[in-house]
Amino acid sequence: SMCEINLEAELFTLQDSNAKLVAALQEANGSVEHWKKQLAEYQEETDRLRDQVAELEAQLGHPAAGQTVREELSRSLEELEALLSAKDQEIHNLQSKKTDVGELEKEREEAMQRLQV
């Protein structure tokens, strides 16, 4: 009957969707494993570089190189904080404009209602 045909078509569609979702999930899981492996490699490299810096500082007898790196990082952090502050201000400005547009829209609607009366 027609009902059975519709049910079979719906079942086929659901099976197809399910197969696609399973494939996408498997792909996503593979990506997660890849990123976990890459993160572990980065962490190992970071640890190795830290050890190397500590070793060089010990050979020099003072942390001069580390101090320079710290100064550069502090400067970069200050620049990023300034950029973040500027972007935050820009967001606030855009939000206030959004409110202004909302008010103008409301005024326009009220004017349109007055004209219709």
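In the predicted model, glutamate 45 has a relative accessibility of 34% and therefore counts as partly exposed, a class that lies between the cut-offs of 20% and 50%. The side chain of glutamate 45 meets that of arginine 48 in a salt bridge, with an N to O distance of 2.7 Å. Arginine 48 is likewise assigned to the partly exposed class, because its relative accessibility is 42%. Both residues belong to helix 1, and because they are 3 residues apart, about one helical turn separates them.

This pair belongs to a set of 4 salt bridges in the structure. Another of these contacts joins lysine 20 to aspartate 16, whose closest N and O atoms are 3.3 Å apart. Here too the partners lie in helix 1, with a spacing of 4 residues that corresponds to about one turn of the helix. The two side chains fall into separate accessibility classes: lysine 20 reaches 56% relative accessibility, above the 50% limit, and so counts as exposed, whereas aspartate 16, at 33%, counts as partly exposed.

A further salt bridge is formed between the side chains of glutamate 33 and lysine 36, at 3.9 Å from N to O, a value that lies within the 4 Å limit applied to such contacts. Glutamate 33 and lysine 36 are also placed in helix 1, and their separation of 3 residues therefore amounts to about one helical turn. With a relative accessible area of 47%, glutamate 33 is partly exposed.

The helix that carries these pairs comprises 59 residues, from residue 2 to residue 60. At 1.5 Å a residue, a helix of 59 residues should span 87 Å, and the distance of 86 Å between the end C-alpha atoms of helix 1 therefore agrees with the expected value. Just after helix 1, glycine 61 adopts a positive phi of about 85°.

Across the whole protein, the secondary structure consists of 2 helices and 0 strands. Of the 117 residues in the protein, 3% are buried, that is, under 20% relative accessible area. The accessible surface of the protein amounts to about 10,800 Å², and carbon and sulfur atoms account for 59% of this area.

Technical notes:
Residues numbered from 1 in each chain as written. Predicted model: local features only at pLDDT ≥ 70, side-chain atom pairs only at ≥ 80, totals over all residues. Heavy atoms only, no water. Buried < 20%, exposed > 50% of the residue type's maximum accessible area, 1.4 Å probe, protein only. Areas by Shrake-Rupley, 256 points an atom, 1.4 Å probe, with all protein chains shown as cover. Expected span 1.5 Å × (residues − 1).
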